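Subject: Structure handover

Hello,

Here is the structure I promised to pass on. Please open it first, then read my notes below.

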Amino acid sequence: MQKLFIDFAPGGEIILDGEQARHIAKSLRMKTGDMLTVCDGGGNDYGCIIKSVDRETVTLEVCYKQAGESEPDCAVTVYQAVPKGSKLEEVIQKCVELGAVKIVPVLTARCISRPDEKSAKKKNERYSKIALEAAQQSGRGIVPEVSPMVTLKEALKNDEAQTKIVFYEGGGEPLKSIIAPDTKSVSVYIGPEGGFEAQEVELIKQYGASQATLGKRILRTQTAPIAALSAIMLLTGNLE
């Protein structure tokens, strides 16, 4: 069932306007009597029926409320070194689909893309929209946050995850020796094109991270977080 996010807990009726109304009426071509799910972003789902549709507004009647069941019980934050071009958009979309709770773009020594403050703010607005669309498409119970761009040191200082992992082409422990089935919070650090510098890996490890491997093949920067998240979700029972 189609899912939409709203920023409030609804009562018996919901009136949508603007982009959401146009999305329902024009993109999805939904009509009176169709059902959809509305989520308040806090893990609650509301089953709704469309009462009316016009050019600018859509009116929904709330039929039932239930706790969402799509959120993993392991909270994974992805610290992604900023790649070139539009690769970060792909990373955000796929990480949201796979269950990440937060994506943090990180500037590291080998990052080629270094947008100025104005450009970074504009990009972050687009990234947040991509996260919203991916959350709706995949039936998430929350819209994962896409953080403003930070330095590696800033990322490490604010990282409060139970388990921290840095992936490095220089090798490391297999994930199954780091992630237990009952692990509840994980942060993963992914390097840019060209990878982390050795001293960056050592810095991340000084903050308590384990150095891990994703196998004997070298993965692209946009592939590594997808592989890492998939493996973590499998090891914690969140792909069942």
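Start at F167, whose bridge partner in β13 is A212. Keep in mind that this is a predicted model.

**Strands**

F167 closes strand β10, which spans residues 163–167. Strand β13 covers residues 210–213. The two pair in the parallel sense, over three bridges.

β13 also pairs with strand β11, residues 173–174. Those two run parallel as well, joined by two bridges. Look at A212 again here: A212 is the bridge partner of E173. So A212 has F167 as a partner and E173 as another, with strands taken as paired when there are at least two bridges between them.

**Salt bridges**

How many salt bridges are there? The count comes to 11. I picked out three.

E19 pairs with K129. Their closest N and O atoms are 3.7 Å apart. This pair links distant parts of the chain, 110 residues apart. E19 sits in helix α1, residues 18–27. K129 sits in helix α3, residues 117–138. K129 is partly exposed, because its relative accessibility is 41% and that class runs from 20% to 50%.

K87 pairs with E193, and here the closest N and O atoms are 3.0 Å apart. K87 lies in helix α2, residues 87–98. E193 lies in the loop between β12 (185–190) and α5 (198–206). The pair therefore ties together parts that are 106 residues apart in sequence. Is K87 buried or partly exposed? It is partly exposed, because its relative accessible area is 23% and buried means under 20%.

E97 pairs with K94, with closest N and O atoms 3.9 Å apart. That falls within the 4 Å cut-off, so the pair counts as a salt bridge. Both residues lie in helix α2. They are three residues apart, about one turn of the helix. E97 has 33% relative accessibility, so it counts as partly exposed. K94 has 27%, so it also counts as partly exposed.

The general point behind these pairs is simple. Side chains of opposite charge can pair when their charged atoms come close.

**Largest pocket**

The largest pocket holds about 380 Å³ of space. Its lining has 25 residues. Which of them lie nearest the centre? Those are Y168, E169, I218, L219 and A224.

β12 and β13 each supply at least two residues of this lining. So β13, the strand paired with β10, also helps line the largest pocket, taking strands as DSSP runs. By class, the lining has 11 nonpolar, eight polar and six charged residues.

**Second largest pocket**

The second largest pocket has a volume of about 230 Å³. Its lining residues are Q2, L4, E19, Q20, H23, K129, L132, E133, Q136 and Q137. Note E19 and K129 in that list. They are the salt-bridge pair with closest N and O atoms 3.7 Å apart.

Which helix gives the most to this lining? It is α3, with five residues. α1 and α3 each supply at least two. By class, there are two nonpolar, five polar and three charged residues.

**Where to look**

For the strands, go to A212, with its partners F167 and E173. For the second largest pocket, go to E19 and K129, which both line it.

Best wishes

Key:
Residues numbered from 1 in each chain as written. Predicted model: local features only at pLDDT ≥ 70, side-chain atom pairs only at ≥ 80, totals over all residues. Heavy atoms only, no water. Helix = DSSP H or I, 4+ residues; strand = E, 2+ residues; numbered from the N terminus. Salt bridge = Lys/Arg side-chain N within 4 Å of Asp/Glu carboxyl O. Buried < 20%, exposed > 50% of the residue type's maximum accessible area, 1.4 Å probe, protein only. 1 Å grid on protein atoms, 1.4 Å probe; cavity = no way out; pocket = protein on both sides within 12 Å on 5 of 7 lines; lining within 4 Å. Points joined across faces, edges and corners; volume = space filled by probe spheres on them. Nonpolar A, V, L, I, M, F, W, Y, C, P; charged D, E, K, R; others polar.
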